[in-house]
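Reader: Hey, I've got a protein model open and I'm a bit lost. Could you walk me through some of it?
Author: Sure, let's put it on screen and start with a single residue.

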Amino acid sequence: MKLSDLKEVSNNVNLDEYLWLYNYVRDNMEHPEWLGTFTLEEIKEILSIGGKIWMYYDKDIPVCSVFYIPASNKSLRKHNIEYDESVTGSLGPIMVRKEYVGNGLQTSMLGVLNNYVKSIGKTHMFTKAHSDNIYSIRNIIKDGYNVIDEYENERGPMKAFIK
């Protein structure tokens, strides 16, 4: 299954379906803390300041999603990143339903996000991942990101990346 085989929704995303997928993916992960948590209110706030969600469906089944989050100078400085928020975006949660893992969907969604951030004038992207999440880290590095910071938080050891 390829991303192009799925139905994309990127405008007027059903946030209840997004949260259902988020919780489904998280509930079926060996290490759910790797994904972190977002409330509906936090998601709405991010969307109100320029965030964007892409949802992908196999017929009516939510399969995967990627979330663009505008970067803030505060968050960038926290991770020792000197780029300004005006030219830097952030890769938020990127998730694939367990039944669809192994089809390259995460890599394809990174491509969708890359095209989007270029279209809105961003020249750099920031993200972070749990240090043990080797699959996501491999895809992030393959997409051109470099490790810029390593730290511990409530989710455990983390790596921050910039592209």
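**A chat about the model**

Author: Let's begin with Glu150, which counts as exposed because its relative accessibility is 54%. Keep in mind that this is a predicted model.

Reader: Ok, and where does Glu150 sit?
Author: Glu150 is in strand E6, which covers residues 146-153.

Reader: What does Glu150 touch, if I skip its neighbours within four places in sequence?
Author: With those neighbours left aside, Glu150 is in contact with Met158 and Lys159.

Reader: How far is Glu150 from Ser48?
Author: Their C-alpha atoms are separated by 30 Å, and Glu150 and Ser48 are 102 residues apart along the chain.

Reader: Switching to helices. What's helix H1 like?
Author: H1 runs over residues 15-27, so to speak a stretch of 13 residues. From its first C-alpha to its last it reaches 18 Å, close to the 18 Å expected at 1.5 Å a residue.

Reader: Which residues of H1 are buried?
Author: The buried ones in H1 are Leu15, Tyr18, Leu19, Leu21, Tyr22, Tyr24, Val25 and Arg26.

Reader: And what covers those buried residues of H1?
Author: The cover includes helix H2 (40-48) along with strands E2 (52-58), E3 (61-70) and E4 (88-96).

Reader: Let's stay with H1 and H2. How do their axes cross?
Author: The axes of H1 and H2 come within 11 Å and cross at roughly 120°. H1 and H2 are therefore oblique to each other. The crossing in which H1 passes H2 is right-handed.

Reader: Why give both an angle and a distance?
Author: Two packed helices are described by the angle between their axes and the distance between the axes.

Reader: Which residues meet there, between H1 and H2?
Author: From H1 you have Leu15, Tyr18 and Leu19, and they meet Leu40, Ile43, Lys44 and Leu47 in H2. By class, that contact of H1 with H2 has six nonpolar residues, no polar ones and one charged.

Reader: Cool. What's in the loop between H1 and H2?
Author: Phe38 has its place in that loop between H1 and H2.

Reader: How exposed is Phe38?
Author: Phe38 has a relative accessible area of 23%, so it is partly exposed.

Reader: What is Phe38 in contact with, then?
Author: Leaving aside neighbours within four places in sequence, Phe38 is in contact with Leu19, Tyr22, Ile43, Ile46, Ile69 and Pro93. For Tyr22, the C-alpha to C-alpha distance from Phe38 is 8.9 Å, with their positions 16 residues apart in sequence.

Reader: Now the loop between H2 and E2. Which residue can I look at there?
Author: Try Gly50, which lies in that loop. Gly50 is partly exposed because its relative accessible area is 34%. Apart from neighbours within four places in sequence, Gly50 is in contact with Tyr68, Pro70 and Tyr116.

Reader: How far apart are Gly50 and Asn23?
Author: Gly50 and Asn23 are 23 Å apart in space, C-alpha to C-alpha, and 27 residues apart in sequence.

Reader: Another helix pair: how do H4 and H5 cross?
Author: Helix H4 (residues 105-119) and helix H5 (residues 134-142) have axes that come within 10 Å and cross at roughly 40°. H4 and H5 are therefore oblique to each other. H4 passes H5 in a right-handed crossing.

Reader: Who makes the contact of H4 with H5?
Author: H4 brings Gln106, Thr107 and Leu110, while H5 brings Tyr135, Ser136, Asn139 and Lys142. Sorted by class, the contact of H4 with H5 has two nonpolar, four polar and one charged residues.

Reader: Is Lys118 in H4 buried or exposed?
Author: Lys118, which is in helix H4, counts as exposed because its relative accessibility is 63%. Lys118 is 9.8 Å from Val87 in space, C-alpha to C-alpha, with the two 31 residues apart in sequence.

Reader: Last topic, phi. What usually happens with it?
Author: Most residues other than glycine have a negative phi.

Reader: Which phi does Asn12 have?
Author: Asn12 has a positive phi of about 50°, although it is not a glycine. Asn12 lies in the loop between strand E1 (7-9) and H1, and at 79% relative accessibility Asn12 counts as exposed.

Reader: And what about Asn80?
Author: Asn80 has a positive phi near 60° and is a residue other than glycine. Asn80 is found in the loop between helix H3 (73-78) and E4.

Terms used
Residues are numbered from 1 along each chain as its sequence is written. This is a predicted model: local features need pLDDT of at least 70, side-chain atom pairs count only at pLDDT 80 or more; totals for chains, interfaces and linings use all residues. Side-chain values use heavy atoms; hydrogens and water are left out. Axes are lines fitted to C-alpha atoms, for helices over the stretch in contact, and angles run from 0 to 180 degrees between N-to-C directions. Helices (H or I, at least four residues) and strands (E, at least two) are DSSP runs, numbered from the N terminus. Angles under 35 degrees count as roughly parallel, over 145 as roughly antiparallel, 65 to 115 as roughly perpendicular and the rest as oblique. A crossing is left-handed if the near helix is turned anticlockwise from the far one by less than a right angle, and right-handed if clockwise. Contact means heavy atoms within 4.5 Å. Ala, Val, Leu, Ile, Met, Phe, Trp, Tyr, Cys and Pro count as nonpolar, Asp, Glu, Lys and Arg as charged, and the others, Gly among them, as polar. The expected span of a helix is 1.5 Å times one less than its number of residues. Buried means under 20% relative accessible area, exposed over 50%, partly exposed in between (1.4 Å probe, protein chains only).
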